Amino acid sequence: MNLSESFGMALTAIRMNKMRSTLTLLGIIIGVMTIIAMQSLITGLRNSVTSELSVLTSNVFQVQKYPPVGNYDRREYRNRKDLTRKDADAVRQFATAVEAVGAEVWEFGQEIQHADKKTPPTITLAGGTPEFLQNNGYVMQRGRFLTEMDVDYSRNVAIIGVDVLNELFPYSDPMGKEIKIHGERFLVVGLLEEMGDVLGNTRDNRAIIPITRFEKIFGKERSINITVKAKSPELFDTAMNQTIGILRASRKVEPGRENDFEIRTNDMLIDFFDNMTKYVRIVAIAIASISLIVAGVGIMNIMLVSVTERTREIGIRKAIGAKRRDILWQFMVEAVVLSQVGGVVGILLGILIGKVVEMSAPVPAAIPTGTVILGLLFCSVVGIVFGVYPATKASKLEPIHALRYE
């Protein structure tokens with residue numbers, strides 16, 4: 001008997017016992033569906049994190065006082081010296097592998113006014129240097145960005161994001177118009193291109209002013225962030241090591257002591273996301289494994305019943321020349337096909353769940369091709385492992401005894 005005949009007989013056996021086969025396959029369907037749905041959402045989120053959460057542009061890393069991500073006790077780091085513009089100047093002056101060094105500081109929950117209009121108090125205000133634009137991946141839509149003169153003379157100029165534009169200037173050009181930030185008047189000199197949302201958080205509710213003007217409004221008693229762009233990908237590690245060495249010297253960190261500042265890169269954000277989702281993956285795999293084992297036991301049970309019901313058929317086939325390996329092969333193929341049908345249904349339902357969640361929530365989904373292939377292979381393994389005993393039992397039946405079976 002060839003493979004196509006065995007496959008056809010297996011499908012026929014499934015069709016003849018639809019209800020029994022469906023109940024048997026529930027375990028496989030649930031297990032595969034769970035892991036495909038979870039992997040679909042996690043893969044989609046990771047792709048989104050990789051492409052959008054990378055706040056820093058290529059070859060850029062950031063230096064800050066506190067760790068960028070993770071659970072930590074803020075009090076541990078509170079006694080560190082603040083990072084200052086002098087630290088940024090030192091890196092700019094002495095780091096030879098560096099192309100651009102920016103200094104920035106942030107204030108959240110601000111309200112911006114123009115005439116009788118005002119934004120909700122949700123605007124993120126940044127004080128920056130000219131390097132802010134390229135180091136943070138922003139692009140100008142109109143107007144200009146900050147200049148060295150703006151910073152040196154603490155000019156009251158501002159660059160706004162699309163959300164601010166829509167709130168204050170829905171039907172007019174903002175260039176050259178005045179806005180009020182924290183009680184001070186600023187001249188709008190630039191508009192940023194739309195950046196969109198990152199995991200539900202918009203990057204367009206921004207306004208950027210010179211860091212010197214920011215410090216005059218909110219005070220200098222706060223730590224800044226320093227963004228550093230390496231000259232090339234090959235010099236990234238060199239630029240990072242140079243920056244660490246320069247900052248340790250400028251901040252007088254004694255040899256042997258840990259850095260009193262933190263380095264943040266895009267890879268760190270991705271690693272943090274992977275660590276966050278690691279336990280979700282483990283739980284999904286555990287649920288799927290239990291379901292598949294239960295399903296495997298069900299497949300063994302239904303195959304044993306099938307062997308009993310088809311004892312006379314086995315006897316007839318052996319009597320007319322079927323060999324033991326033919327019977328073994330037939331029942332093994334049937335067990336594998338049974339498990340694969342459940343696997344395919346589970347994969348389709350898992351993908352469907354991922355798409356439904358994607359449509360109803362701001363959570364992207366992606367078909368995890370590797371997981372789909374692995375799921376089908378694992379279903380085959382389940383069919384083989386739990387189909388061996390029934391297939392072996394069927395192949396060992398004596399023709400005479402099988403023909404006499406009622």
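Here are some questions and answers about helix packing and nonpolar cores in this predicted model.

Visitor: How are helix 4 and helix 9 oriented to each other: parallel, antiparallel, perpendicular or oblique?
Guide: Let's start with the geometry. Helix 4 covers residues 85-94 and helix 9 covers residues 236-250, and they pack at an angle of about 130° with their axes 9 Å apart. Angles over 145 degrees count as roughly antiparallel and those from 65 to 115 as roughly perpendicular, with the rest oblique. Helix 4 and helix 9 are therefore oblique.

Visitor: How many nonpolar residues are in the contact of helix 4 with helix 9?
Guide: Look at both sides of the contact. Helix 4 brings D87, A90, V91 and F94, while helix 9 brings T243, I246, L247 and S250. By class, 1 of these residues is charged and 2 are polar, and the nonpolar ones number 5.

Visitor: How many charged residues are in the contact of helix 11 with helix 12?
Guide: Here helix 11 offers E313, I314, R317 and K318, which meet D326, I327, Q330 and F331 of helix 12. Sorted by class, the contact has 3 nonpolar residues and 1 polar residue, and its charged residues number 4.

Visitor: Which helix gives the largest share of the largest nonpolar core?
Guide: That core has 45 residues, and F61, V63, I112, I160, I179, I209 and I226 have the most contacts inside it. The largest share is 6 residues, and it comes from helix 9.

Visitor: How many residues does the second core have?
Guide: This core is separate from the largest one. Among its members are A295, V307, I327 and A394, and its size is 28 residues.

Terms used. Residues numbered from 1 in each chain as written. Predicted model: local features only at pLDDT ≥ 70, side-chain atom pairs only at ≥ 80, totals over all residues. Heavy atoms only, no water. Axes fitted to C-alpha atoms, helices over the stretch in contact; angles between N-to-C directions. Helix = DSSP H or I, 4+ residues; strand = E, 2+ residues; numbered from the N terminus. Parallel < 35°, antiparallel > 145°, perpendicular 65-115°, else oblique. Contact = heavy atoms within 4.5 Å. Nonpolar A, V, L, I, M, F, W, Y, C, P; charged D, E, K, R; others polar. Core = buried A, V, L, I, M, F, W, Y, C linked by side-chain atoms within 4.5 Å. Buried < 20%, exposed > 50% of the residue type's maximum accessible area, 1.4 Å probe, protein only.
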